[in-house]
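Me: Please take me slowly through the second largest pocket of this protein and the parts that line it. Then go on to a few other spots where the chain does something worth a look.

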Amino acid sequence: MLISSSGSKVSKVAGTRALAGVLKRNFAKASPSGGQWQTVDGCTGVTHVSYAMTDTAFIFPITPSSPIAELSEQWSELGVKNAFGDVVKITQMQSEAGAAGALHGALTAGSLATTFTASQGLLLMIPNMYKIAGELLPCVMHVAARALAGHALSIFGDHQDVMAARQTGFAMINANSVQECHDMALVAHLATLRTRVPFVHFFDGFRLSHTIEKIDTLPYNQMRKLIDTKALYAHRSRALNPMHPHIRGTNQNPDVYFQQIEASNKFYDEVPGIVREEFARVEAATGRGYDLFQWVGPKDADAAIVILGAGASVVEESLAHIHSSGKKVGLLKPRLYRPWSSEDFLASLPKTVKRIAVLDRTKEHGSHGEPLFLDVSSTIQGSGRNIKVIGGRWGLGQKEFTPSAVVAVTENLYSNKPKDRFTVGIEDDVTNLSLPLGEEINVGHSGTVECLIFGFGSDGTVGANKNATKIIGDNTDRFVQAYFAYGSQKAGGLTMSHLRFAPNPIKSYYAVNHADYIGCHNPTYLEMYRMGEHLKPGGTFCLNSPYHTVEDWNAHVPVALRRVLAQKNAKVFNVDAFKVAEECGMGRMINVVMQSAFFKLSNVMNYEESIQLYKNTIRKSYGHRGESVVQKNYEMIEKALGAINEIKVPASWSELPDEPIATEKKYASLDDAFSKNVQGPIALLRGDSLPVSSFAEESLLGGVNPLGTAKYEKRGVALEVPEVDMDKCTHCNTCAMACPHAVIRPFLLSQDEVDRQPTTFDSRKAKGGAEVAGLYYRIQVSPYDCTGCEVCVNACPDDALRMVSLADTHEESSANW
């Protein structure tokens with residue numbers, strides 16, 4: 001038998017399927033709580049707590065909260081037991097509204113129930129949230145806070161959704177880091193039982209929900225000791241029960257409705273005190289202390305920044321840099337957002353503070369200010385203290401919030417005429433509300449290694465980087481952080497892995513812009529993105545390509561990249577990962593090859609040790625597929641280490657001209673204004689630099705976009721594309737139907753068109769009887785739209801398609817298309 005993290009037994013069958021974070025593992029050293037260090041994302045940290053404290057959960061997936069529901073369901077199927085020794089019952093519902101309705105019903109039956117949601121999903125739960133709060137039913141809803149679909153859909157993080165639910169009567173508690181996703185979830189579950197007030201526990205979507213870090217997780221047997229059993233029994237005893245019947249949800253007339261609302265005031269008045277008590281109990285168990293409003297900074301500060309979510313960690317990380325300029329700025333982090341406790345806010349704010357900047361991650365159209373700003377303003381007004389309060393917006397749709405943005409907020413706060421209702425992180429050249437950003441500021445700690453890896457969607461890069469992060473986090477004393485950004489094309493699109501490894505906890509919840517190590521896993525990216533701009537001086541650049549010599553690089557690598565690598569005195573390496581993968585019978589799955597190169601070149605940990613740990617991970621991950629698969633992966637590791645080839649950078653490269661790369665040339669040559677001025681910068685990963693005026697034209701207002709812009713987005717990411725043998729083709733069109741991207745298509749041509757066709761456009765008389773009499777047939781691929789997935793080749797029943805190098809066929813195929 002295996003033992004789960006709760007101390008409960010798991011069957012041998014279940015154990016073989018166990019997920020990371022479920023079963024007990026060995027770590028470099030004990031955690032502060034005596035529990036377990038686990039290298040997990042925020043969603044897993046929340047699941048660890050929620051599963052322990054729940055009888056039943058009602059789920060409906062919505063990004064970015066879906067992993068919590070998925071993990072809970074998987075753990076339930078594995079038979080993992082919660083803190084009470086029971087397997088949690090998970091029920092899939094047909095919608096978020098249905099999940100909230102079922103949640104309400106389970107709570108009235110005395111169950112410890114929960115759900116997980118985000119964005120529009122939370123809005124669909126609001127009617128039932130009023131019922132749950134009005135009936136004083138204790139529960140916790142975990143929300144991966146996300147933008148709402150207004151002018152456009154955005155799956156990324158901000159606080160629009162939770163702010164739209166702040167009036168429902170739910171208490172609200174928020175997390176600032178991945179560790180706090182675990183800790184605040186625990187406090188919420190403990191406090192809701194004692195207060196009878198339901199809680200929303202929210203944490204920033206993606207930036208916290210999907211960022212992987214090493215966190216200290218509390219074992220279930222210790223969580224069980226923290227539960228107030230009297231409060232739990234009281235909740236059970238209030239359940240609807242035919243043995244002691246009562247009725248809920250009656251209709252009330254004007255004579256009594258108002259009074260019964262006010263009768264619940266005492267419960268909300270008690271929430272801050274009870275939450276503070278639970279903070280103290282969690283601190284006793286874990287060593288991590290929290291308060292309702294947590295002050296960070298000088299006790300004699302004259303200025304303060306108030307902010308929720310991951311942005312608070314970025315502000316905290318930036319304070320040392322700001323203090324070096326002589327400014328006495330502090331950070332006030334609200335933990336409990338609802339009920340809002342003005343008394344505790346004022347008690348936590350130093351008496352010396354004379355100016356406050358309040359940052360909201362939402363926009364309330366038509367309001368004098370956003371919710372957090374209004375809460376702080378009314379608190380200060382009622383206190384009689386002479387403090388200047390200004391408000392601003394940050395991070396909508398997950399716009400980057402960096403130390404440079406924090407400095408801009410501080411500079412504005414200390415100016416003679418501070419700009420109020422400002423924005424930060426964008427350039428607003430229409431209403432002129434934005435704060436100007438200065439140069440990028442590096443506030444990283446010494447010993448931190450930052451890596452940026454450009455991968456190809458579905459090539460295994462992201463999965464391999466997750467494994468690498470967990471290997472380093474689970475087996476060394478270093479703290480880790482891994483965040484993954486995906487292109488909208490999903491499979492076949494760009495992936496960017498932002499990795500950090502440091503001797504101390506990491507608070508950098510923003511992209512890696514200056515890396516010690518950059519990996520480019522697809523050579524077609526060389527002409528698409530200026531990757532070298534993100535490399536630190538003296539950093540390492542590793543390319544997957546068939547270009548092994550300086551002569552190859554002179555012939556195939558853009559001048560702009562060679563120039564910047566020489567100017568930054570970079571260490572440059574090349575690995576032909578596709579060749580190694582094919583030799584080992586692994587097709588185009590290059591993740592093992594490039595990950596081996598990463599361990600060898602990044603200097604994050606001893607590479608001999610890391611390779612052995614990587615092999616152990618491979619055996620755990622693929623052992624169930626058979627020893628042959630494991631050995632193929634081992635072979636790839638050994639061949640990868642032998643295939644690493646250093647490129648000695650010629651000094652002459654630093655004198656090369658700064659020529660535009662192919663994508664820059666393409667968009668610069670367009671006549672279409674939208675594609676040239678908006679689509680182009682986005683394609684080049686420079687969309688953050690676009691000002692508000694780029695979208696202020698009448699034709700674009702309200703989220704309107706012109707049609708036909710995809711014709712300019714010819715990415716050319718495939719190394720090989722299909723080529724048809726018309727002598728074998730039977731005109732069945734199976735390849736066209738199988739293609740997931742509609743890039744291989746059948747064409748019927750008239751005699752006149754055949755007479756004018758290029759010599760390389762090989763067509764045949766169409767088969768199909770009288771309907772196609774006199775017409776000719778041709779199968780043609782669009783080479784720059786193809787992702788090289790080979791689905792068409794595998795689907796062809798007549799072996800009429802074969803994969804050929806894009807470099808060898810792109811001119812001919814493009815002309816034919």
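Reply: We'll start with the pocket, then move on to a helix and some loops.

Before that, some small print: this is a predicted model, where local features need pLDDT of at least 70, side-chain atom pairs count only at pLDDT 80 or more, and totals for chains, interfaces and linings use all residues. Residues are numbered from 1 along each chain as its sequence is written, and side-chain values use heavy atoms, with hydrogens and water left out.

Okay, the pocket. The second largest pocket (an open set of points on a 1 Å grid where a 1.4 Å probe fits, with protein on both sides within 12 Å along at least five of seven lines) holds about 880 Å³ of space, counted as the space filled by probe spheres set on the points. Its lining is made up of 26 residues (each with an atom within 4 Å of a point). Look for Gly134, Glu135, Gln252, Gln260 and Ile261, which lie nearest the centre of the pocket. Three helices (DSSP runs of H or I, at least four residues, while strands are E runs of at least two, all numbered from the N terminus) give two or more residues each to the lining: H5 (119-134), H10 (257-262) and H11 (265-286). H5 supplies the largest share, with 4 residues. By type, the lining residues split into 9 nonpolar, 12 polar and 5 charged. Here Asp, Glu, Lys and Arg are the charged ones; Ala, Val, Leu, Ile, Met, Phe, Trp, Tyr, Cys and Pro are nonpolar; the rest, Gly included, are polar.

Now follow the chain out of H5. In the loop between H5 and strand S7 (140-145) you'll meet Leu136. Its phi is near 55°, a positive value in a residue other than glycine. With 10% relative accessibility, Leu136 counts as buried (under 20%; exposed is over 50%, partly exposed in between, with a 1.4 Å probe and protein chains only). Glu790 also has a positive phi without being a glycine, about 70°. You'll find Glu790 in the loop between strand S28 (776-781) and helix H27 (791-795), and at 25% relative accessibility, Glu790 is partly exposed.

Next, a helix with two faces. Helix H22 runs over residues 627-643, 17 of them, and spans 24 Å from its first C-alpha to its last, close to the 24 Å expected at 1.5 Å a residue (1.5 Å times one less than the number of residues). Its buried residues are Val629, Val630, Asn633, Tyr634, Met636, Ile637 and Ala640. They cover an arc of only 150° around the axis (taken from the directions to the C-beta atoms), so they sit on the same side of H22. Ser628 and Gly642, on the other side of H22, are exposed.

Two prolines deserve a stop as well. The peptide bond from Thr63 to Pro64 is cis, with omega near 5°, and Pro64 lies in the loop between strand S4 (56-59) and helix H3 (66-78). Arg338 and Pro339 are joined by a cis peptide bond too, with omega about -5°; Pro339 is in the loop between strand S14 (336-338) and helix H13 (342-348).

Last stop: Gly768, in the loop between strand S27 (764-765) and S28. Gly768 is exposed, at 59% relative accessible area. Between the C-alpha atoms of Gly768 and Phe258, which are 510 residues apart along the chain, there are 77 Å.
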